[in-house]
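Student: I am new to this one. Can you walk me through it, one question at a time?

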Amino acid sequence: MNQPISELILASASPRRSELLNQIAVSHRIHPVDIDETPREGESVTDLVMRLAAEKAWQGAAETGGDLPVLGSDTVGLLNGNVLLKPVDFVDAERMLMEMSGNWHEIHTSVAVVYQQCCFQQTCISRVKFRTLDPAEIVAYWQTGEPQDKAGAYAIQGRAAIFIEQIQGSYSGIMGLPLFETAQLLERAGLSCLSGNSGLEKPSITE
């Protein structure tokens, strides 16, 4: 029988990933890491998120001593073969949202767990379809402030939920941490999500 998780290290400053770990009652300590996230020449989006998730987890383990399991994750959106970045201004956001209007785009998310000098990793690809958007809606959405610091100019867990007609794949993966895959990785590492911790305490943050 797998041992309960007393605590793990989240190698990310993302509040959404922390919230998702709380959802499945996994106690965790936040330890952001600084790595070079520049894509390599010819590197596919899937290869990119896999490499970055693993590098974050290994870096977090190196910086925290490696006694606790360390989780790293990376998410990249893809629209018509182009990576979805944060908009530089309204015109950029409007362009992205109009391209997504009535169309599908992909979200590639990889999660890695480093524990006892082993790395366990899994990657998921989800698809999101936007309904047809009216230009006035895009203006109104921009004015909420929500899309201004979001890759792809939208947040699925926010007001943009009203734009999303269909999802294929992992909702939590689109948010940045696929919970099914995360639980599977922890099980493979010999750890159980369903016993031994409440996950209700506010996570601590280390620098």
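Student: How many of the ten residues of strand 4 are buried?

Tutor: Strand 4 spans residues 70-79 and is mostly covered. Buried means under 20% relative accessible area, exposed over 50%, partly exposed in between, with a 1.4 Å probe and protein chains only. Strands (E, at least two residues) and helices (H or I, at least four) are DSSP runs, numbered from the N terminus. The buried residues of strand 4 number nine of ten.

Student: What kind of model is this, and where does residue numbering start?

Tutor: This is a predicted model, in which local features need pLDDT of at least 70, side-chain atom pairs count only at pLDDT 80 or more, and totals for chains, interfaces and linings use all residues. Side-chain values use heavy atoms, leaving out hydrogens and water, and along each chain, as its sequence is written, residues are numbered from 1.

Student: How many bridges join strand 4 to strand 6?

Tutor: Two strands pair if DSSP finds at least two bridges between them. Strand 4 pairs in the parallel sense with strand 2 (residues 8-10) over two bridges, and there I9 stands opposite V70. Strand 6 (residues 104-115) runs antiparallel to strand 4, with D74 opposite S110. The bridges between strand 4 and strand 6 number nine.

Student: Which residue in the hairpin turn has a positive phi?

Tutor: Strand 4 and strand 5 (residues 82-84) run antiparallel, joined by three bridges. L79 has N82 as its bridge partner. Two residues lie between the strands of this hairpin. The turn residue with a positive phi, about 55°, is N80.

Student: Is N80 buried or exposed?

Tutor: N80 is in the loop between strand 4 and strand 5. It is not a glycine, yet its phi is positive. Its relative accessibility is 61%, so N80 counts as exposed.

Student: Which side chain makes a polar contact with the side chain of K56?

Tutor: K56 belongs to helix 2 (residues 45-64) and is buried, at 8% relative accessible area. A polar contact is a pair of N or O atoms within 3.5 Å; within protein, one must be able to donate a hydrogen and the other to accept it, and residues adjacent in sequence count only if both atoms are side-chain atoms. The K56 side chain reaches the backbone oxygen of S73 at 3.0 Å. Its side-chain partner, at 2.9 Å, is D74.

Student: Which residues of helix 4 are buried?

Tutor: Helix 4 covers residues 135-143. The face turned away from its buried side carries the exposed residues A136 and Q143. The buried residues are I138, Y141 and W142.

Student: Why do the buried residues of helix 4 line one face?

Tutor: The arc is taken from the directions from the helix axis to the C-beta atoms. Seen down the axis of helix 4, the buried residues line one face because they fall within an arc of 100°.

Student: What element is included in the cover of those buried residues of helix 4?

Tutor: Contact here means heavy atoms within 4.5 Å. What covers the buried residues of helix 4 includes helix 3 (90-100).

Student: Which residue's side-chain oxygen reaches the backbone nitrogen of A136?

Tutor: The place to look is the start of helix 4. The oxygen comes to within 2.8 Å of that nitrogen, and it belongs to D134.

Student: How many aromatic pairs are there?

Tutor: Rings of Phe, Tyr and Trp (its six-membered ring) pair if their centres lie within 6.5 Å; planes under 30 degrees apart count as stacked, over 60 as edge-to-face and the rest as tilted. By this rule the aromatic pairs number four.

Student: How are the rings of F130 and Y154 arranged?

Tutor: Their centres are 4.9 Å apart, with 75° between the planes. F130 is in strand 7 (residues 118-130), Y154 in the loop between helix 4 and strand 8 (164-168), 24 residues apart. Both residues are buried. The pair is edge-to-face.

Student: How are the rings of F130 and F163 arranged?

Tutor: F163 is also in the loop between helix 4 and strand 8, 33 residues from F130. Both F130 and F163 are buried. The ring centres are 6.1 Å apart and the planes at 50°, so the pair is tilted.

Student: Which residues do the ring pairs link into a cluster?

Tutor: F130 takes part in both pairs just described. The full cluster is F130, Y141, Y154 and F163.
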